[in-house]
Amino acid sequence: MRVEQWMTMDVTTVRPRDSVAHARALLEERRINQLPVVVNGRLVGIVTDRDLRDAVSSAISATAEATGARPQPVGPESIPVEAVMSAKAFFVRPGDPMEKAAALMRRERIGALPVLEGKALRGIITRSDVLRAFIHLAAEQRKAMGKRAAERPSPPPGARARSRPATRRRVRPAAKKAGRRR
């Protein structure tokens, strides 16, 4: 199974200068958890629901540290996505096996991987896509196992199942055993 068979091709994206408020609204509207950040169709980062939730508090702290002033409230409308995105996003290619995507997501503890062809964003593979592929594979295996069981000839009605013959142990006569003592 290849990533291209299971990836979502209609990807919702944001631009680096889009606001955190806009990105959060997209996540809620589309019921997704990750947004690739693109410029002219090229991936420049990824932002998650957690990044966006934590954006306001981290922006307040950063502003206070930079200015040395008392923390001032900052709204999500004034924070650009590029301030909270991960610039170095892990990714996979359309022809990569699903196992590679699943292993990378598990190892890095991430919920989605952008799918790149060259440097262009072609899709996204999510944890849900990996689970769909697993469910499909499990169903195919179950069907194959059912076919194999159906292909085996069944015994005719009334036939008894054969049991394995008992193994015989060679028993030595008592006289021989007694004569061999040292």
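This report walks through the overall build, the nonpolar cores and the pockets of a predicted model.

## The chain as a whole

Let's start with the big picture. The chain has 182 residues, and 29% of them are buried. Its secondary structure comes to 6 helices and 4 strands. If you follow the chain from the N terminus, the elements appear in the order α-α-β-β-α-α-β-β-α-α.

Now look at who touches whom. Take the contacts between residues at least 6 apart in sequence: 56% of them join residues at least 24 apart. On the outside, the accessible surface comes to about 13,900 Å², and carbon and sulfur atoms account for 50% of that.

## Two nonpolar cores

The largest nonpolar core contains 14 residues. Within this core, Val14, Leu35, Val47, Leu52, Val81 and Val84 touch the most other members. At least two residues of this core come from each of α2 (20-30), β1 and α3. The largest share belongs to α2, which gives 4 residues. Apart from this core lies another one, made of 13 residues, including Met7, Val92, Met105 and Ala133.

Val14 is a good residue to find in the 3D view. Leaving aside residues up to four places away in sequence, Val14 touches His22, Ala23, Leu26, Leu35, Pro36, Val37, Val38, Val47 and Val81.

## The largest pocket

How do we find empty space in a model like this? Rolling a probe the size of a water molecule over the atoms reveals where space is left. The largest pocket holds about 370 Å³ of space. Its lining consists of 17 residues, and Gln34, Thr48, Arg109, Ile110 and Gly111 lie nearest the centre.

Three elements, β2 (42-48), α3 (49-67) and β3 (112-117), each supply at least two residues of this lining. Of these, β3 gives the most, with 3 residues. Sorted by class, the lining has 7 nonpolar, 5 polar and 5 charged residues.

## The second largest pocket

The second largest pocket holds about 300 Å³ of space. It is lined by 15 residues, with Arg31, Ile32, Asn33, Gln34 and Thr126 closest to its centre. You have met Gln34 already: this residue is also among those nearest the centre of the largest pocket.

Here β1 (34-39), β4 (120-126) and α5 (127-151) each contribute at least two lining residues. By class, the lining of the second largest pocket has 4 nonpolar, 7 polar and 4 charged residues.

Notes
Residues numbered from 1 in each chain as written. Predicted model: local features only at pLDDT ≥ 70, side-chain atom pairs only at ≥ 80, totals over all residues. Heavy atoms only, no water. 1 Å grid on protein atoms, 1.4 Å probe; cavity = no way out; pocket = protein on both sides within 12 Å on 5 of 7 lines; lining within 4 Å. Points joined across faces, edges and corners; volume = space filled by probe spheres on them. Nonpolar A, V, L, I, M, F, W, Y, C, P; charged D, E, K, R; others polar. Buried < 20%, exposed > 50% of the residue type's maximum accessible area, 1.4 Å probe, protein only. Contact = heavy atoms within 4.5 Å. Areas by Shrake-Rupley, 256 points an atom, 1.4 Å probe, with all protein chains shown as cover. Core = buried A, V, L, I, M, F, W, Y, C linked by side-chain atoms within 4.5 Å.
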